[in-house]
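Biologist: I should like to learn how to read the features of a protein model. Please take me through them one at a time.

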Amino acid sequence: MPKDPTPAPACSAQSSDADQAPLCPTRRWLLERALALGALPLLASVADAAARWTNAGAVKNFALNRPRKVNLSGGQVPVFVIRTGTNKFTCFSAICTHQGTVINWSATHPTYFECPSHGSKFARTTGAVTRGPARRALPRLPVRVVSGKVQVDISSAI
Ligand code: FES
């Protein structure tokens, strides 16, 4: 591939007119314009269309601060759903970030999740690694409550 002899110009030019698009629009500028034009609902619907909200169960089936492992998408996406308030939930992937083993939680060790393969531990409230060999925290998945049902967005988990 031939090398481009002229590099892209530096993106430092700014317009003095606030209504004019800058030569190099930033995400902030684009979001502000979308807000001004009333396009935020459209942006939200586009983002929601990309989400894959999946039912994890009825709210009443989740005990406060007690992680419950739920196998979503026909068992392909194991997650921990944790009820942290009346209608507040947190969700973590239950797949170890070291080599992909499905991890466990036990009431006898309530403060962490533990991987049975090599013993990595993850904090129950944050998913952070508290003991390796895993180095990355458990991914947190978006969760919401709709009509008394807990739903998890599994789009980032598959
Ligand atoms: S696969 Fe979980 S610690 Fe290795």
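Biologist: Is S147 buried or exposed?

Modeller: Burial is judged by counting neighbours: a residue is buried if 20 or more other C-beta atoms lie within 10 Å of its own, exposed if 12 or fewer, and partly exposed in between, with C-beta atoms placed from the backbone. S147 is exposed, because 7 other C-beta atoms lie within 10 Å. Two conventions apply throughout. Residues are numbered from 1 along each chain as its sequence is written. This is a predicted model, in which local features need pLDDT of at least 70 and side-chain atom pairs count only at pLDDT 80 or more, while totals for chains, interfaces and linings use all residues.

Biologist: Where is S147 found, and what is the sign of its phi?

Modeller: S147 belongs to the loop between β9 and β10 (149-153). Its phi is positive, near 50°, in a residue other than glycine. N65 also has a positive phi, near 55°, and is likewise not a glycine. N65 lies in the loop between β1 (53-58) and β2, and it counts as partly exposed because 13 other C-beta atoms lie within 10 Å.

Biologist: How are these elements defined, and how many does the chain have?

Modeller: Helices (H or I, at least four residues) and strands (E, at least two) are DSSP runs, numbered from the N terminus. The chain has two helices and 10 strands. Read from the N terminus, the order is α-α-β-β-β-β-β-β-β-β-β-β.

Biologist: Which strands form the open sheet of three strands, and in what order?

Modeller: Strands of a sheet pair through backbone hydrogen bonds, either parallel or antiparallel. Two strands are taken as paired if DSSP finds at least two bridges between them. Here the open sheet has the order β2-β3-β4, with antiparallel pairing. β2 and β4 (89-93) stand at the edges with a single partner strand each, so one side of each has no neighbour in the sheet. On average, neighbouring strands of this sheet are turned by 30° against each other, direction ignored; the axes are lines fitted to C-alpha atoms, for helices over the stretch in contact, and angles run from 0 to 180 degrees between N-to-C directions.

Biologist: How many bridges join β2 to β3, and how many join β3 to β4?

Modeller: Five bridges join β2 (residues 68-72) to β3 (residues 77-83), and five join β3 to β4. In the pairing of β2 with β3, K69 has F80 as its bridge partner. In that of β3 with β4, I82 is partnered by T90. β2 and β3 also form a hairpin with four residues between them, and S73 in the turn has a positive phi of about 55°.

Biologist: What does V143 touch, leaving aside residues up to four places away in sequence?

Modeller: Two residues are in contact if their C-beta atoms, placed from the backbone, lie within 7 Å. V143, found in strand β9 (residues 143-146), touches V81, F89, T90, C91, V150, Q151 and V152. V143 counts as buried because it has 20 C-beta neighbours inside 10 Å. Its C-alpha atom is separated by 9.3 Å from that of T54, 89 residues apart along the chain.

Biologist: What share of the residues in the whole chain is buried?

Modeller: Buried residues make up 20% of the 158 residues. Of the contacts with a separation of 6 or more, 39% are between residues 24 or more positions apart.

Biologist: Which peptide bond is cis?

Modeller: The bond from G132 to P133 is cis, with omega near 20°. P133 lies in the loop between β8 (129-131) and β9.
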